[in-house]
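Visitor: Please choose a single part of this structure for a close look and take me through it slowly. I would like some idea of the fold around it as well.

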Amino acid sequence: MTSILNSVSSILSSRVNSAERLGALSPRNPVEFTRRRNGWSTSEFESSGRRFVVRAAETDTDKVKSQVPDKAPAGGSSINQLLGIKGAAQETNKWKIRLQLTKPVTWPPLVWGVVCGAAASGNFHWTPEDVAKSILCMLMSGPCLTGYTQTINDWYDRDIDAINEPYRPIPSGAISEQEVITQVWVLLLGGLGIAGVLDVWAGHTTPTLFYLALGGSLLSYIYSAPPLKLKQNGWVGNFALGASYISLPWWAGQALFGTLTPDVVVLTLLYSIAGLGIAIVNDFKSVEGDRAMGLQSLPVAFGTEAAKWICVGAIDVIQLSVAGYLLASGKPYYALALLALIIPQIVFQFKYFLKDPVKYDVKYQASAQPFLVLGIFVTALASSH
């Protein structure tokens, strides 16, 4: 009888919302989560107006090996820890942990976006004042507001990380709840404060940079936090992420030194679709946790094989479209330069990403994305002429 009940329970339990089962468990103790999952459990099924409750037999948890590691993989890198990327060593120093939560590896695209916006304005000059303005704008976009975005994302992803990477700072308990919340507020208010200073410095009658920073911060919040939690939808969430990483810093840089124009808005929003493809790259390593928590990332919704082609398609098709736009606008040299930068990206897609998007995600991003950001800069230069 016990074996029959176990069989029925295993079939019916697949119908239970995984997020409801996981949400009741503390993300700070992923090992306890595993042990409890292997103990008593109850499954419910409704059919023809009737409700059946089936209880699984108790499992001897001492004989069941935990599938969730409670420690970081051996040989973790201190550099990876400071950059906030996969393969990080475990750390007890609170300042290093705080830096890890801001994921410095994600700052360069935002910093580069400011450079592109300044170049697109056509009004940047290599004077001490303009250089100082641009550095302050980079500080706002990178360490402050991107750091805020990454910290708040990790906070609201703590349940997922308890499954995928339970040794990360928040699910492991290496940093307290109050410390995380304090960091979120300091980074957010710091970024908004810098935006206000830049508006005054640039002589804006309308606080354009403050509005951009506030809008970007709100977008970051609804991307990660319920009830909207845009990241639950692979298409909407990834486009929002792409816009945050490409359009917003570009607009900030251009507004700081000039004015935004409709063609620039169109170009940057197009590149945000390419950013959608970049965002998908980071979803492959979280498939198990996303599926368990009911997040419809593209790898979960379409499967790994289809999602990786959607990813490279979004990146390549958009860049080719921008090259065609530049050619049609009478800027053939810029179009050719952009095409020359697309080719190595495609080569690295086949060499790394399309082979194994999980195993080679870091290698792919390190090899292909520099050509993408250079292409964005070429487009910025083209829009300034």
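**The largest pocket and its surroundings**

Guide: In this predicted model, 48% of the 385 residues of the chain count as buried, the word standing for under 20% relative accessible area (exposed is over 50%, partly exposed in between; 1.4 Å probe, protein chains only). Residues are numbered from 1 along each chain as its sequence is written, and side-chain values use heavy atoms, without hydrogens or water. Local features need pLDDT of at least 70 and side-chain atom pairs pLDDT 80 or more, whereas totals for chains, interfaces and linings use all residues.

The chain has 18 helices and 2 strands, taken as DSSP runs (H or I, at least four residues; E, at least two) numbered from the N terminus. Of the contacts (heavy atoms within 4.5 Å) between residues at least 6 apart in sequence, 68% join residues at least 24 apart.

The part I would choose is the largest pocket, which holds about 1,400 Å³ of space. A pocket here is an open set of points on a 1 Å grid where a 1.4 Å probe fits, with protein on both sides within 12 Å along at least five of seven lines, and lining residues have an atom within 4 Å of a point. Its lining comprises 50 residues, and those lying nearest the centre are Thr106, Gln150, Asn282, Lys285 and Gln365. Sorted by class, the lining includes 20 nonpolar residues, 18 polar ones and 12 charged ones. Two or more lining residues come from each of helices H6 (107–121), H7 (128–156), H8 (158–164), H12 (234–257), H13 (262–281) and H18 (361–383). Among these helices, H18 gives the most, with 9 residues of the lining.

Two of the loops that lead into those helices deserve a careful look. In the loop between helix H5 (94–102) and H6 is lysine 103, whose phi is near 50°, a positive value in a residue other than glycine; at 12% relative accessibility, lysine 103 counts as buried. The loop between H11 and H12 holds lysine 229, again a residue other than glycine with positive phi, here near 40°, and lysine 229 counts as buried at 12% relative accessibility. Proline 227 also has its place in the loop between H11 and H12, and the peptide bond that reaches it from proline 226 is cis, with omega near 10°.

Helix H11 (residues 208–224) carries serine 220, which is buried because its relative accessible area is 6%. Beyond residues up to four places away in sequence, serine 220 touches Tyr148 and Thr149.

For the packing elsewhere, consider the largest nonpolar core, a set of buried Ala, Val, Leu, Ile, Met, Phe, Trp, Tyr and Cys residues joined through side-chain atoms within 4.5 Å. Of its 61 residues, Met140, Trp250, Tyr271, Phe353 and Tyr364 touch the most other members, and helix H16 (residues 304–328) is the largest contributor, with 9 residues. Leaving aside neighbours within four places in sequence, tyrosine 364 is in contact with Val281, Ile315, Phe348, Gln349, Tyr352, Phe353 and Gln369. Helix H16 also contains glutamine 319, which is buried, with a relative accessible area of 0%. Not counting residues up to four places away in sequence, glutamine 319 touches Tyr271, Leu338, Ile342, Gln345 and Leu372.

Methods
Points joined across faces, edges and corners; volume = space filled by probe spheres on them. Nonpolar A, V, L, I, M, F, W, Y, C, P; charged D, E, K, R; others polar.
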